[in-house]
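Student: I am new to this structure and would like to study a single part of it closely. Please pick one and take me through it and its surroundings.

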Amino acid sequence: MKRTKNFSLLGATVLFLTIAQATFAADSGNESAADKQRKFIAILKSDAPPQDKAIPCKQLAIYGNKEAVPALAPLLADKELSSWARIALEAIPGPEADEALRTAVPKLQGLLLVGTMNSIGVRRDAKAVDILAGKLTDGDVEVVASAAAALGKIGGKQSAKALNQALSSASKQTLPVIAEGCILCAERFLADEKFTDAAQLYDAVRKADVPLQRKLEGIRGAILARQSDGIPMLLEQLRSPEKAEFGMALRTARELPGSATTEALSAELKRVTADRQVMLLLALADRKDSAVYPKLLETAEKSFKATRVATLGLLDRFNNVSAVPVLLNGAIDEDADIAHAAKSTLTRMEGKKIDAALMDRLPKSSGKTRQVIIELAALRRIEAAVPVLLASAVDADPGVRRAALATLSSLGSEKQVGDLVSLISKAKSADDRDGAEKALAGICGRTGTKAVALVLPLTKNNDSELRKSGLRVLAMAGGPEALGAVTAAVNDSDESVQDEAVGTLATWPNNWPEDGAVAEPLLGLVKTGKKRSYQVQGARGYLLYVQENKKLSNADKVKAIDDLLPLLKQPPEKRLAISALGGIPSGKSLDSLSTLAGDPAIAEEASLAIVNVATTKGLQGVSKEARQKALQTAIANSKNEATRTKAGEALKSIK
């Protein structure tokens, strides 16, 4: 049967101990450390039950010294208090605690022995080596594991000798745990730069018939302990066909210091297969060795595709401006994966030196290179590129023109608006005009009314397409002048411009929901629109304005919709009003919806909206009777079973 390692008491006892600890803290606030120690020792020596002694043990880890050891030592053999006593003994300074733990070892068995040896390991008591070594042949595997681990933590030649001897004669069951102790001991040698001692112990483990994980730990340590002399062994593992050994070698490659290691790993890049090349490359980059950088630049230009992609993605770690030409070459590569990796790295690289290097190349560049640098100017927010962008907006290369206009959209200011207006007027293709318009819209969306005066001439141009562009741009700028120009365009001589103006007015509240000035022209469309579609768009825009305008109270919104209702002739338009009223939780909206529910053409929509408003959480200012009346209206006018059922359930909840 497997032993339990849980030494704690039952839940009720744990709760008791927590309360007891709080009580101790409250009672001991004004006592000195010596007074507290005497009190806790007295409790341990008393006939108090175990649960009363647990917290004093824990407190002695803070306040105890050698005087507390005689009271704690007997508890090591107590199955209920052993773990509590060891908390204190592990913390108390001085040889007395060490001696108490050593003395207890021969008297203990099983988990009590395991716990005590664990504490010896924590304290790294060198005098306990012989006692622990004697437990390496114990019949209990857990005891052997604890002894080996403790010896490993203590370290030193005496521990190493005991572990090495045990390793050579261990049984199949105890060999893995003794090997683990050897690894721990060797790690201590390695940390103390006792490389020869570390190598001997690591070698013993890697040559033993131990599980793969222990063997890999032995090989790794043997490489590191040999320092530069371990390079051949490292390369041997990198060439292993086994994934586990190759993976261990990659981790070790990151740890083994020295330029010789970097050079050997760099040379190995040419020997490994393509799939392993990428992983070795990542290990090289993680070494953070400046000697790696030239090799990375070389690999980024000439290698397998996967390796090039990986290398290009690593160059930002060094943030060296000399990588810019290599990355630009990659960014214009015909292979999309290579180009994306290079461009992403150039975007991530930090510092004004990188910006300056890109800007130095921009005036001299052409074609795809110029396009990429312009795109990077947007991604890196290089505002110094703006003067060159205007010239690039008329470049012979369409890709350069598109990139320049897109970048102006994000970097330009009102200073470029006049030039862009002129550019739209002179554009020779629909694509160029569209790009310039988007750039203008982007700038106007950021600068607002500052740019309106410069855009207004577009709305008076003889070219109807330019007039429509002007309207779309003005919608991004907003303000009274822009709205006035859009409103005037509703009566333009060109029907397509009229359509654009109406559509712009109808969606004006999307961008400017609190612009109350738009209400009048929208109502005007509903009343006198030249086309039926204009009237519908006007109604939709007006209702959107009512819904989105936060300056309007619910009562104002309902009144505005009620005033609009007589102008709505067709069911589709009325349904728009119902939708708007359904989003206003008020008694007045219920009244308006109840009236609309009397129209058979829209009864279903109105009835459902009534139910939704009446059941809105937090509905205030509406009497129970008013809600009941509205719900009864919904039941009376709806033929939809789901709506009627929901209304009925709401009625029952009100009653």
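**A helix and its neighbours**

Tutor: Let's look at helix α9, whose buried residues pack against four other helices: α7 (110–123), α8 (129–133), α10 (157–169) and α11 (175–191). Before we go on, note that this is a predicted model, in which local features need pLDDT of at least 70 and side-chain atom pairs count only at pLDDT 80 or more, while totals for chains, interfaces and linings use all residues. Residues are numbered from 1 along each chain as its sequence is written, and side-chain values use heavy atoms, with hydrogens and water left out.

A few words need their cut-offs. Helices are DSSP runs of H or I with at least four residues, numbered from the N terminus. A residue is buried under 20% relative accessible area, exposed over 50% and partly exposed in between, judged with a 1.4 Å probe on protein chains only. Contact, the basis for packing here, means heavy atoms within 4.5 Å.

Now to α9 itself, which runs through residues 141–154. Of its 14 residues, 10 are buried, so the rest of the structure largely encloses this helix. The buried ones are V143, V144, S146, A147, A148, A149, A150, L151, G152 and I154. Its length fits expectation too: the end C-alpha atoms are 20 Å apart, which agrees with the 20 Å that 14 residues should span at 1.5 Å a residue. That expected span is 1.5 Å times one less than the number of residues.

Both ends of α9 are worth a visit. At the N-terminal end, D140 acts as a cap, with a side-chain oxygen 2.9 Å from the backbone nitrogen of E142. After the other end comes G155, which has a positive phi, near 70 degrees.

Next, follow the packing to one of the partners, α11. It has 17 residues and reaches 24 Å from first C-alpha to last, close to the expected 24 Å. Buried in α11 are L175, V177, I178, A179, G181, C182, I183, C185, A186, F189 and L190. These residues pack against α9 and α10, and also against α12 (195–207) and α13 (212–225). Thus α10 takes part in both settings: the buried residues of α9 pack against it, and so do those of α11.

What follows α11? It is E193, with a positive phi near 60 degrees. Here the residue is not a glycine, although its phi is positive. E193 sits in the loop between α11 and α12, and because its relative accessibility is 57%, it counts as exposed.

Finally, turn to α7 and α8, two further partners of the buried residues of α9. The loop between them holds R124. This residue other than glycine also has a positive phi, near 50 degrees. With 39% relative accessibility, R124 counts as partly exposed.

To trace the picture yourself, start at the D140 cap, follow α9 with its 10 buried residues, and stop at G155. Then move across to the buried residues of α11, which pack against α9, and end at the exposed E193.

Notes:
Helix = DSSP H or I, 4+ residues; strand = E, 2+ residues; numbered from the N terminus. Polar contact = N/O pair within 3.5 Å; in protein donor to acceptor, adjacent residues only side chain to side chain.
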